[in-house]
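I opened this entry to record what I looked up, beginning with the salt bridges and then moving out to the overall fold.

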Amino acid sequence: MSETAPISDPLAEPAKRPIAAAPAIEEVEASVERRRVERAARARVSAVVAPIAVVIGVLALWEAATRTLGVPDFLLPPPSAILAAMGKHGSLLAAAAWVTTLEIVLGFALSIAVGIPLALMIFLWPPFARAVLPLLVSSQAMPKVAIAPLLLVWFGFGLLPKVLIAFLIAFFPVVINTAVGLASIEPEKIHLARSMGFGATATFFKIRLPNALPAIFGGLKISITLAVVGAVVGEFVGGDAGLGYLLMTANGSLDTPLLFAGIFALTVQGVVLYFLVELAERLAIPRRTANATVLGLA
């Protein structure tokens, strides 16, 4: 009688197989950090390459369209003509840009010097806030172009009226964002600071002010772009120098390539000043901006 093969029991314990060792916690942390660095590097490269690619594509289409359709230069010059005008009038553009930059920086600095203390008073003194906030809002409803001639009558045609117009346009975001940032803090943080023995001054500088910095810098970034608008408005109304005055001169002589060159110079100027404020934000609150970079938001 032949031997029968043993019947396997499905309920029996399966044969043990070797189990791979779990990675060490240091390896997992290193892998996560490596992926985070790679994501941050890709985000930084994309933030630079993508806008440049879009600009190059738009300029190429612009050049091809104006050449193919035969558009006159006084209506819409091609980018090559604008570049030639920038090379031809480079010293003129540089001198005008310096005057406008001075007006912008002074107006922006004045908006900080006035706006942040005003926001502190609004935050710390509710009766003052109730009295002043309606006036601030109504002042923003007033067209600044209508005020510019009056400032010229009072202060002449020099630098001061342009700085004041830039200040009047730029200071409102600084005031509102600073006041909102100081007020928008979780009560638990204040209770924790008091339980740790912090006084009012220490609580303000160590808890409330750092918490308000993102909102404050948000207002500053809006303010610097509005200061550019204010300086140009002042030069339009009563300027004898600067990029705004150069734009009016080019427009009067139908020098459209120079007009576009001035607009390009103003755009570059505004972008550079904006990123200088953003650089200051990165230095002041590096952890927040680092997280925004990883998420593709900065």
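I counted a salt bridge when a side-chain nitrogen of Lys or Arg lies within 4 Å of a carboxyl oxygen of Asp or Glu. I took helices as DSSP runs of H or I, at least four residues long, numbered from the N terminus. The model is predicted.

**Salt bridges**

How many salt bridges does the rule give? I got 4 salt bridges by this rule.

I looked at R282 and E278 and found their closest N and O atoms 3.9 Å apart, which the rule accepts as a salt bridge. R282 and E278 are about one helical turn apart, because they are 4 residues apart in helix α10. I read R282 as partly exposed, because its relative accessibility is 29%. E278 has a relative accessible area of 15%, so I filed E278 as buried. K221, E278, E281 and R282 belong to one network, joined by salt bridges that share partners.

I then took E281 and K221, whose side chains meet in a salt bridge at 2.9 Å, N to O. This pair links distant parts of the chain: E281 sits in helix α10 and K221 in helix α8 (residues 200–238), with their positions 60 residues apart. Is E281 buried or exposed? E281 is at 2% relative accessibility, so E281 counts as buried. I noted K221 as buried too, because its relative accessible area is 15%.

The side chains of E63 and R67 form another salt bridge, at 3.0 Å from N to O. Both residues lie in helix α1, 4 residues apart, about one turn of the helix. R67 counts as exposed, because its relative accessibility is 53%.

**Helix α1**

I checked the length of helix α1 (residues 25–69) against the expected span. Its 45 residues at 1.5 Å a residue should span 66 Å, and the end C-alpha atoms are 65 Å apart, so the two values agree. I also found a bend of about 25° in α1 at S46. Which residues of α1 are buried? I listed S31, A40, A43 and T66. G70 follows α1 and has a positive phi, near 65°.

**Helix α6**

I looked up two residues of helix α6 (residues 159–183), G181 and K162.

G181 is at 1% relative accessibility, so I counted G181 as buried. Leaving out residues up to four places away in sequence, G181 touches N211, A212 and A215. I also took the C-alpha to C-alpha distance from G181 to A119: 9.8 Å in space, for 62 residues in sequence.

K162 is buried, because its relative accessible area is 2%. With the sequence neighbours up to four places away left out, I found that K162 touches E103, F157, G230, A231, G234, E235, G238 and G239.

**Surface and whole chain**

I found a nonpolar patch on the surface formed by F264, V268, V272, L276, L279 and L283, with about 570 Å² of accessible area together. L276, one of these, has its place in helix α10 (residues 256–284).

For the whole protein I have 11 helices and 0 strands. Of the 298 residues, 33% count as buried. The accessible surface comes to about 18300 Å², and 72% of that belongs to carbon and sulfur atoms. Among contacts between residues at least 6 apart in sequence, 70% join residues at least 24 apart.

Conventions. Residues are numbered from 1 along each chain as its sequence is written. This is a predicted model: local features need pLDDT of at least 70, side-chain atom pairs count only at pLDDT 80 or more; totals for chains, interfaces and linings use all residues. Side-chain values use heavy atoms; hydrogens and water are left out. Buried means under 20% relative accessible area, exposed over 50%, partly exposed in between (1.4 Å probe, protein chains only). Contact means heavy atoms within 4.5 Å. Accessible areas come from the Shrake-Rupley method with a 1.4 Å probe; for residues, only the protein chains shown count as cover. Patches are made of residues with over 30% relative accessible area and no salt bridge: like charges are joined within 9 Å, nonpolar side chains (Val, Leu, Ile, Met, Phe, Trp, Tyr) within 5 Å. The expected span of a helix is 1.5 Å times one less than its number of residues. The bend at a residue is the angle between axes fitted to the seven residues ending there and the seven starting there.
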